Amino acid sequence: MFNIRKHAFSEKWRNIISAVIYIIFIIYSVNLIIQTEQLSSKLFYAALVLILISVVALSEYLRLLYRQAIKTLVMDCDPDAAKQLEAKLLKYDIFKAYKKTMLIFDLMVNADLNQYQQNIDLLDQNEKFFKQSLDNLLIRNYNYFKAYIGIDNKTKAKKYYQDTIKMKGAKIKGSKVSPLYSWEEIDAVYYLCIKDIKKSKNAFANTNIQMMNNRELSHYYYDYAQLNLLDDNCADAIKHLQQVIEISNKNALHDLAIAQLKELTKHEKA
């Protein structure tokens with residue numbers, strides 16, 4: 001789970017340290033150029049410093065764009081605006097440093113736009129990348145699981161649910177898989193998929209949502225609302241749909257929640 005507040009705190013200290021290093025480098029470089037007597041050497045050092053500063057400036061700008069894209073997606077819940085920032089980042093990423101990283105970003109954007117088949121295609125086309133590490137493999141299995149639920153393929157959803165859960169506590173050469181997702185929520189969504197109301201309800205209740213960002217909460221509350229509807233619990237369904245509407249902004253779940261809420265309130269009045 002991506003904790004934007006914790007990440008912002010660490011990013012603040014990184015920026016302070018980086019700024020100090022850049023200032024020291026610039027002061028040292030200027031002194032070196034001034035102290036160099038030959039004009040050709042001065043020009044060489046000046047050109048070298050200019051190139052290095054340009055590369056660093058571009059790197060920091062791309063990093064800023066990436067952070068803005070992540071925040072726009074996970075906190076502002078605006079996948080379309082996040083895609084625009086991604087397009088800008090990739091345009092200026094002349095060294096293709098973010099090309100693979102943005103594959104994972106694209107999975108989240110597609111999920112927030114209910115573009116499940118696009119995620120299946122994306123995972124199929126980048127099989128090698130998503131098998132390069134434990135974390136990437138977890139991301140692959142989880143997103144296959146969610147995508148197949150989205151297109152209502154319960155057989156494939158079950159397969160990738162099992163593949164995902166098997167990775168809980170997995171280790172390779174001492175490295176453990178990162179806690180990218182809530183295992184309890186994964187259980188809850190799977191049991192919802194197979195309509196095991198009791199197990200799904202317990203798993204949702206046991207899910208720790210304290211560290212979730214707005215994007216994750218939107219999906220959590222929406223899925224919980226679907227369980228409530230399956231269980232004929234209209235009161236809790238309405239409550240969770242209202243929570244989705246409050247935080248989901250331009251996520252596709254926002255319009256879905258509004259439509260369901262209107263339908264529920266219409267039936268209550270009837």
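## A first look at the core, rings and pockets

The largest nonpolar core has 28 residues, and Phe130, Phe145, Met167 and Ile186 touch the most other members. A nonpolar core here is a set of buried Ala, Val, Leu, Ile, Met, Phe, Trp, Tyr and Cys residues joined through side-chain atoms within 4.5 Å. H4, H5, H6, H7 and H8 each give this core at least two residues, and H6 supplies the largest share with eight residues. Helices are DSSP runs (H or I, at least four residues), numbered from the N terminus, with strands (E, at least two) treated likewise.

Before going further, a word on the model. This is a predicted model, in which local features need pLDDT of at least 70 and side-chain atom pairs count only at pLDDT 80 or more, while totals for chains, interfaces and linings use all residues. Residues are numbered from 1 along each chain as its sequence is written, and side-chain values use heavy atoms, with hydrogens and water left out.

### Aromatic rings

A search of the whole structure turns up 14 aromatic pairs. Rings of Phe, Tyr and Trp (its six-membered ring) pair if their centres lie within 6.5 Å; planes under 30 degrees apart are called stacked, over 60 edge-to-face and the rest tilted. Two stacked pairs are set out here.

| Pair | Centre to centre | Angle between planes |
|---|---|---|
| Tyr144 and Tyr160 | 4.5 Å | 25 degrees |
| Tyr161 and Tyr190 | 4.0 Å | 5 degrees |

Tyr144 belongs to helix H6 and Tyr160 to helix H7 (residues 154-165), so their pair ties together parts that are 16 residues apart in sequence. Tyr144 and Tyr160 are both buried. Buried means under 20% relative accessible area, exposed over 50%, and partly exposed in between (1.4 Å probe, protein chains only). Tyr160 has a charged companion as well: Lys159 lies over the face of its ring, at 4.3 Å from the ring centre. For this, NZ of Lys or CZ of Arg must be within 6 Å of the ring centre and within 35 degrees of the ring normal.

The pair of Tyr161 and Tyr190 links helix H7 with helix H8, 29 residues apart along the chain. Tyr161 counts as buried at 10% relative accessibility, and Tyr190 is buried at 8%. Ring pairs also join Phe145, Tyr161, Tyr190 and Tyr191 into a cluster. Phe145 has appeared already, as one of the core residues that touch the most other members.

### Two pockets

The largest pocket holds about 690 Å³ of space. Of the 26 residues lining this pocket, Ile104, Met108, Leu180, Tyr181 and Glu216 are the closest to its centre. On a 1 Å grid over the protein atoms alone, a pocket is an open set of points with protein on both sides within 12 Å along at least five of seven lines, whereas in a cavity a 1.4 Å probe fits but cannot get out; lining residues have an atom within 4 Å of a point. Grid points are joined across faces, edges and corners, and a volume is the space filled by probe spheres set on the points.

Helix H2 (39-74), helix H4 (101-112), helix H6 (134-150) and helix H10 (214-230) each supply at least two residues of the lining of the largest pocket. That lining divides into 15 nonpolar, six polar and five charged residues. In this grouping, Ala, Val, Leu, Ile, Met, Phe, Trp, Tyr, Cys and Pro count as nonpolar, Asp, Glu, Lys and Arg as charged, and the others, Gly among them, as polar.

The second largest pocket has about 570 Å³ of space. Its lining is made of 24 residues, and Tyr116, Ile149, Gly150, Leu192 and Asp223 are the closest to the centre. H6 gives the largest share of this lining, six residues. By kind, the lining of the second largest pocket has 12 nonpolar, seven polar and five charged residues.

### A few single residues

Thr164 sits in helix H7 and is buried, with a relative accessible area of 0%. Its C-alpha atom is separated by 8.6 Å from that of Leu137, 27 residues apart along the chain.

Cys77, in the loop between H2 and helix H3 (79-92), has a positive phi of about 55 degrees although it is not a glycine. Cys77 counts as buried at 0% relative accessibility. Asp232, in the loop between H10 and helix H11 (234-248), has a positive phi near 55 degrees too. Asp232, however, counts as exposed at 66% relative accessibility.
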